[in-house]
Amino acid sequence: MSAQYQVHGDVAVITLANPPVNGLGLATRQGIVDGLNRAQQDAAVKSIVITGAGGAFSGGADIKEFGTDKSMQEPNLHSVIAAIENSPKPVVAAIHSVCMGGGLELALGCHYRLAAPGCSVALPEVKLGLLPGAGGTQRLPRVVGVEPALNMIVSGETVKSELIGFIPGQKLFDKMAASAEALPEEALAFARSVADTRPLPLVRNLPCKHPQGDAYFQFARNMVKGMSKNYPAPAKCVDAVEAATKRKFADGLLVERELFINLMWTPESRALRHLFMAERAASKIPDVPSDTPKRDVKSIGVIGAGTMGGGIAMNFLNAGIPVKMLEMKQDALDRGLSTIKKNYEAQVKKGKLKQDKYEQRMALLTTTLDYADLKDADLVIEAVFEEIGVKETVFKQLDAVCKQGAILASNTSTLDVDKIASFTKRPQDVVGMHFFSPANVMRLLEVVRGKETAKDVLATVMALAKKIKKTAVVSGVCDGFIGNRMIERYSQQAGFLLDEGATPQQVDKALEKFGMAMGPFRMGDLAGNDIGWAIRKRRALERPDMKYSRTADKLCELGRYGQKTGAGWYDYQAGKRDAIPSDLVNKMIEDHRKELGITPRKISDEEIVQRLVYALVNEGAHILEDGIASKSGDIDMVYLTGYGFPIYRGGPMHYAGEQGLFNLVQAMNRFAQNPRDDQAFWQPAPLLAKLAAEGKTFS
């Protein structure tokens, strides 16, 4: 049992004990029911307290049981709540720290609720594409009011216990404890004070009405529709809360249950639940135990004060970690420092950062022109030009000046981390830390594991990523790692589509309609088309077998590198980021087709999306086979947090499973018949072919 039972005189205390957040798994639910039964059978017990051990009352469902039969096995949460409501002895919820999801629904089923100040309260199920499924949509409006309840349920956001408002005669908490430390004793005293009170109060018996009724719920639907058009759950939350105001409690529960079950089967909910699990799994490295000792990181060195270096530095300043930034010339340092100041000042102006916090962060930043000043840094991250000779110079100097045990990291996006490590006498201390631009905003951090990278270095970097609020994904060493290796295939297909008859605008619009944050050509203009040009030049020497459309090279030969030059695949006006279709570029593409003797054809949006997304999936399968990524969920996290893949589709590998891998392979076989495409490109990766033949998915 993961619930403990103790008797304190005439009060029985049931303590949820399922770390880390006392998830309501089967054993915990059974423990609650068993505790209630023991209390009923003990004549000396007059009242019952339910609380949570450790740092939570309860965080809700046990994520270890997601998608398993155990999640619905009796006693399910509905049955547990029914047992509490039907208890002839008063049941008091003593709430502290965290009370979310099923944990809050459990508390709402108790006769009384006490809360410690600072407790985080929420019904976050909407973030998994669901709605509260154990009475939350029916009970919460009865204790906090319809509008506050609907706001909490539709947003899924957390509210602190002392900030939840009261309406006359209705309240979520019967009493606020003086402190979390005082809660246990106060709960015992409160339980004794209500031991003889009858009838026992039930939330389900409270009234639930809204004075404007239909007009309010129509307004709520319109708001939800505009804010979450790709997600069905928020609109269904409105339906469920409306049912609470118009139906008897038992009938409202049935409506909630039907809506919950229907949402469970939507692809959006499956995608969001996959994301929830994949994000947690990404931090776990198969051969690096969670108890691996970590190195102390109390000071950071950053090499390079450009866009990436400045953004990287801000992550650590935000976390309260001192940073020393190095450049070769004073004017470069001054420019970098000025940019960081401007970024923070913009946040202050918008009210997102207080002036004193800004000053504290800037006080943590120092600058230098001398490598010797990095001798005491615990971690040094280089963010210099993406060229192996430049990296060699940097790492040889770091090896000479940095203390033993310091972690030396490269922000390289494509280069060989093992080669970089070989420039030092301490390859075990070298790791890739690939931040995404803008580094102070983007959540993704690719942690590149070299063949000699020490396990404690990996454990330290993964823990540090969490501290600076990044989603860290481990990649092995290969050209482009996970994200850029896959995006190259995506971009190849985009180029072939231009050769065959599509325009940059059509391709971008098709991918953006699919849900991508931006299409491949707008993305190229943002990142800089010269970066891809440099990679293709390198490919021509290293892998002359790789085929590309010549359109991207022709674009760069015109000096159209993207937003930074005011012209790329699109035209740009000074000071604006609006992508304006370019007649010059469209003519260049048409002329290129004529040179190749291609008669352009009409290409559907469906074909565009399939060719680009399936190109990602096939390369992802190769990456899994090669051991560059340890699990498909890691690839999905890279694309969801770093490349703008639509969250409601769950990432490319999850999306492939939703489409059916057999169907994917059939489509690839069709694309391989296209004389203008690269037939070898569409050869299914062996892993993809195997899983498709077996009727399986990547997960």
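1. Helices (H or I, at least four residues) and strands (E, at least two) are DSSP runs, numbered from the N terminus. On that basis Val384 sits in the loop between β13 (379–382) and α14 (388–401). The model is a predicted one, in which local features need pLDDT of at least 70 and side-chain atom pairs count only at pLDDT 80 or more, while totals for chains, interfaces and linings use all residues. Residues are numbered from 1 along each chain as its sequence is written, and side-chain values use heavy atoms, with hydrogens and water left out.

2. Val384 counts as partly exposed at 22% relative accessibility; buried means under 20% relative accessible area, exposed over 50%, and partly exposed in between (1.4 Å probe, protein chains only). Contact means heavy atoms within 4.5 Å. Leaving aside neighbours within four places in sequence, Val384 is in contact with Ile303, Val390, Lys391 and Val394. Val384 and Val302 are 82 residues apart in sequence, and their C-alpha atoms are 9.7 Å apart in space.

3. Two further loop residues are buried. Thr424, in the loop between α15 (417–421) and β15 (430–435), has a relative accessible area of 9% and is buried. Outside its neighbours within four places in sequence, Thr424 is in contact with Phe395, Asp399, Leu408 and Val430. The C-alpha atoms of Thr424 and Ala400 are separated by 8.4 Å, with their positions 24 residues apart along the chain. Ala454, in the loop between β16 (444–448) and α16 (455–467), is buried with a relative accessible area of 18%. Apart from neighbours within four places in sequence, Ala454 is in contact with Arg295 and Gln428. Ala454 and Gly101 are 353 residues apart along the chain, and 39 Å separates their C-alpha atoms.

4. The largest nonpolar core has 69 residues. Such a core is a set of buried Ala, Val, Leu, Ile, Met, Phe, Trp, Tyr and Cys residues joined through side-chain atoms within 4.5 Å. The residues with the most contacts inside the largest core are Ile482, Leu511, Trp569, Phe645, Leu688 and Phe698. Helix α23 (residues 605–625) gives the largest share of this core, eleven residues. A second, separate core of 64 residues includes Val91, Cys119, Leu140 and Ala233.

5. Ile482 is in contact with Glu446, Val473, Val474, Ser475, Ile623, Ile628, Ala629, Ile635 and Val638, leaving aside its neighbours within four places in sequence. Leu511 appears among the buried residues of helix α18 (residues 504–514), which are Pro504, Gln505, Val507, Asp508, Ala510, Leu511 and Phe514. Just after α18 comes Gly515, with a positive phi of about 130°.

6. Helix α11 (residues 307–318) reaches 17 Å from its first C-alpha to its last, close to the 16 Å expected for its twelve residues at 1.5 Å a residue; the expected span is 1.5 Å times one less than the number of residues. Ten of the twelve residues of α11 are buried, among them Met308, Ile312, Phe316 and Leu317. Gly320, which follows α11, has a positive phi near 80°.

7. Helix α25 (residues 652–659) and helix α26 (residues 661–671) pack at about 95° with axes 6 Å apart. Axes are lines fitted to C-alpha atoms, for helices over the stretch in contact, and angles run from 0 to 180 degrees between N-to-C directions. The angle makes α25 roughly perpendicular to α26; under 35 degrees counts as roughly parallel, over 145 as roughly antiparallel, 65 to 115 as roughly perpendicular and the rest as oblique. Ala656, Gly657 and Gln659 in α25 meet Leu661, Asn663 and Leu664 in α26. These residues divide into three nonpolar, three polar and no charged. Ala, Val, Leu, Ile, Met, Phe, Trp, Tyr, Cys and Pro count as nonpolar, Asp, Glu, Lys and Arg as charged, and the others, Gly among them, as polar.

8. The axes of helix α17 (residues 483–500) and helix α22 (residues 583–596) come within 8 Å and cross at roughly 75°. That makes α17 roughly perpendicular to α22. Leu498, Asp499 and Glu500 of α17 make the contact with Ile589, His592, Arg593 and Leu596 of α22. By class, there are three nonpolar, one polar and three charged residues.

9. Some backbone details deserve a look. A cis peptide bond joins Pro19 and Pro20, with omega about 10°, and another cis bond runs from Ser437 to Pro438, with omega near -5°. Asn22 is not a glycine but has a positive phi of about 55°; Asn22 is buried, with a relative accessible area of 2%.
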